[in-house]
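Visitor: I am new to reading protein models and would love to study one part slowly. Could you pick a part, walk me through it closely, and then show me what surrounds it?

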Amino acid sequence: MEYILQTQQLCKKYGKFNALTNLTINVPKGAIYGMVGRNGAGKTTLIRIITGLNNPTSGEYTLFGVKNSDKKLLEAKRKMGAVVETPSLHPEMSARDNLIQQTKAMGISNDNVDNLLKLVGLANTGKKKAKDFSLGMRQRLGIAFSLVGDPEFLVLDEPINGLDPQGIIEVRETIIRLNQEKGITILISSHILDELARLATHYGFVERGQVIKEMSAEELERASRRYVHINVNDTAALADVLKGMGAEFNIISANEADIYTPVQVTPLVLALNEKNCFVNTITENHESLESYFMGLVGGAQNV
Amino acid sequence: MCNLLAEGFRRLFKSKRFYIVLICVVGIPAAITIFASIIKNDAKGVADLMLFFMTGSMTMFISITSGLFIIHDFKNNTIRNKIIIGHSRTNIYFANLIVSLFVALVYQVAYWLTLVGFGKLLDEFEFFPCTEIFKNMLLTIFIVFAFTSAFVFLCTTMRNNGGFAICLMLDTIVTTVVSLVLMFLKSETAEDIAVVAIPSVQRNLFRADPIIVPDDMGLMILVDIGICVVTTIAGIAVFKKADLK
């Protein structure tokens with residue numbers, strides 16, 4: 001498999017605090033790689049290192065096959081775009097002027113600027129200054145900034161932080177379009193795991209400065225437990241029946257329960273019927289990314 | 001490097017600050033010569049005196065534009081955009097230095113051109129033009145460049161408003177500290193060294209008398225170039241190791 005980014009035993013210390021400890025990740029070409037981790041896990045530190053904003057204390061990384069100690073890394077970084085935390089914009093300039101500024105820094109023509117503005121939905125902002133933009137508009141302009149120069153690798157740190165539902169959908173659709181239509185490899189970190197689950201093709205679970213597990217979306221799908229969510233009028237009767245069937249289950253409320261053991265629906269419904277327990281709804285579900293992550297890191301509260 | 005300069009100069013010319021400060025720099029000599037010609041009709045030489053009288057204030061004007069030019073790049077995190085796309089920190093530092101030196105040169109030349117224009121028009125010159133004044137102008141350019149290099153160093157290493165505030169008052173701070181040290185030391189050798197090695201003291205030699213050329217002018221220029229080189233090397237070294245937000 002071809003990798004765009006690989007880190008080996010990457011470490012970063014801020015004073016005595018170890019932000020990264022022997023962190024190793026592999027971002028395959030063409031993937032949307034979701035970095036999952038709680039606050040302070042080291043996601044942004046990793047992003048700062050690979051974008052060149054911070055220097056690693058030890059360890060190394062390769063970007064497009066070029067090691068970070070190689071002078072050719074600066075050339076390789078021209079194929080990368082990034083939004084790190086808050087978008088970096090010139091507040092006194094319009095959206096168009098901001099992007100032209102970036103084309104100047106890259107030494108490329110500004111012919112594509114209007115297309116980029118259209119792509120992120122900022123084509124009609126005119127002379128409005130970036131300082132007057134809403135958070136969502138700034139976030140989208142930040143993404144447009146990172147797309148100047150047609151990058152092959154895009155790094156997005158918390159790109160949907162603070163966005164309203166409409167903004168989240170727009171950013172999500174933009175990210176998917178960039179990946180699917182332009183083949184851009186995307187490394188994305190987010191706290192909003194439900195949102196990440198809709199995007200990512202690969203995952204890296206980061207905890208205390210280390211990647212504790214890497215897996216593809218298919219592997220996560222297989223690893224996540226399937227369960228049946230059932231809504232009944234009497235969960236006490238349901239519990240009796242399930243105990244009798246030797247099933248593993250969890251009563252959620254007076255009417256709802258999750259059943260983890262595969263059960264045949266008809267015998268279950270008939271058995272419940274005998275106890276005057278009526279089934280309202282039954283749905284088959286997968287364990288969410290959030291539940292999987294919580295299980296992986298030991299049920300942390302602050303995700 | 002060319003790309004960084006194109007980006008930097010575009011940002012400079014797009015900022016209102018550059019033009020507002022330029023108007024101040026041009027307005028002061030114009031106003032003073034006009035005022036002098038109104039109140040002292042037969043007195044000459046006011047424009048000569050003004051040629052180097054404002055060098056200290058000029059460093060303050062330069063620091064407003066070039067200092068904030070750099071500080072805002074850090075405060076808005078727009079410096080990231082250049083690092084992410086593969087520009088080396090050395091080149092970024094050099095680009096900022098070149099833009100800042102350009103600002104210094106433009107402001108100083110604009111000041112002198114306005115003064116010469118109004119001074120000649122209102123007949124306020126007694127000595128200009130003469131070789132001594134041109135020599136002092138050359139030395140002034142190097143003094144201003146030494147200050148500007150220090151501004152770029154301070155703003156890049158501190159990366160906050162504190163750095164800008166120090167730049168704004170650098171001439172005053174240096175003058176005060178040197179005066180106190182010399183007063184404490186009471187040494188002629190120390191005084192001689194300060195005259196050659198400290199730009200703020202260098203300019204005091206001809207500040208009030210523009211036709212006096214300092215004896216060690218060549219050495220002073222070398223010292224000013226040395227300050228530019230040392231601050232640049234130190235600034236790049238610190239910037240390369242810095243972790244940015």
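Guide: Let us start with some ground rules, then look closely at one sheet and work outwards from there.

This is a predicted model, in which local features need pLDDT of at least 70 and side-chain atom pairs count only at pLDDT 80 or more, while totals for chains, interfaces and linings use all residues. Residues are numbered from 1 along each chain as its sequence is written, and chains are lettered from A and ligands numbered from 1 in the order in which they are written.

Our part is an open sheet in chain A, where four strands with antiparallel pairing follow the order 13-14-12-15. Strand 13 (249-251) and strand 15 (279-286) of chain A are its edge strands, each pairing on one side only. On average, neighbouring strands of this sheet are turned by 20° against each other, direction ignored. A few terms help here. Strands (E, at least two residues) and helices (H or I, at least four) are DSSP runs, numbered from the N terminus. Two strands pair if DSSP finds at least two bridges between them. For the angles, axes are lines fitted to C-alpha atoms, for helices over the stretch in contact, and the values run from 0 to 180 degrees between N-to-C directions.

Now follow strand 12 (residues 226-232) of chain A. With strand 14 (residues 256-259) of chain A, strand 12 pairs in the antiparallel sense over four bridges. Two of the partners in strand 14 are easy to look up: Asn231(A) has Glu256(A) as its bridge partner, and His229(A) has Asp258(A). Strand 12 is also joined to strand 15 of chain A, by seven bridges, and these two strands again run antiparallel. One example is Val232(A), whose bridge partner in strand 15 is Val279(A).

Let us step back to the whole of chain A. The domain assignment gives domain 1 (3-222) and domain 2 (227-285), and their C-alpha centres lie 44 Å apart. Such bounds come from an automatic or database domain assignment. In an unreviewed entry, UniProt annotates residues 5-233 of chain A as "domain: ABC transporter". UniProt positions are given in the numbering used here, with shortened feature names, and annotations may be inferred rather than shown by experiment. That span is 33% helix and 29% strand, with its end C-alpha atoms 53 Å apart. Chain A as a whole has eleven helices and 15 strands, and its C-alpha atoms fill a box of roughly 75 × 45 × 35 Å along the principal axes.

Of the 303 residues in chain A, 41% are buried. A residue is buried if 20 or more other C-beta atoms lie within 10 Å of its own, exposed if 12 or fewer, and partly exposed in between, with C-beta atoms placed from the backbone. Gln210(A), in strand 11 (residues 210-216) of chain A, is partly exposed because 18 other C-beta atoms lie within 10 Å. Leaving out residues up to four places away in sequence, Gln210(A) touches Thr21(A), Asn22(A) and Leu23(A). Contact here means that the C-beta atoms of two residues, placed from the backbone, lie within 7 Å.

For a contrast with the antiparallel sheet, try strand 7 of chain A. Strand 7 is joined to strand 8 (residues 153-157) of chain A by four bridges, and these strands run parallel. Gly81(A) stands opposite Leu154(A) in strand 8. Met80(A) and Ala82(A) point one way from strand 7, Gly81(A) and Val83(A) point the other way, and all are buried.

Finally, meet the neighbouring chain. 27 residues of chain A are in contact with 23 residues of chain B. Helix 2 (73-76), strand 7 (80-83) and helix 3 (95-106) of chain A each supply at least two residues of the side that touches chain B, and helix 3 gives the largest share, five residues.
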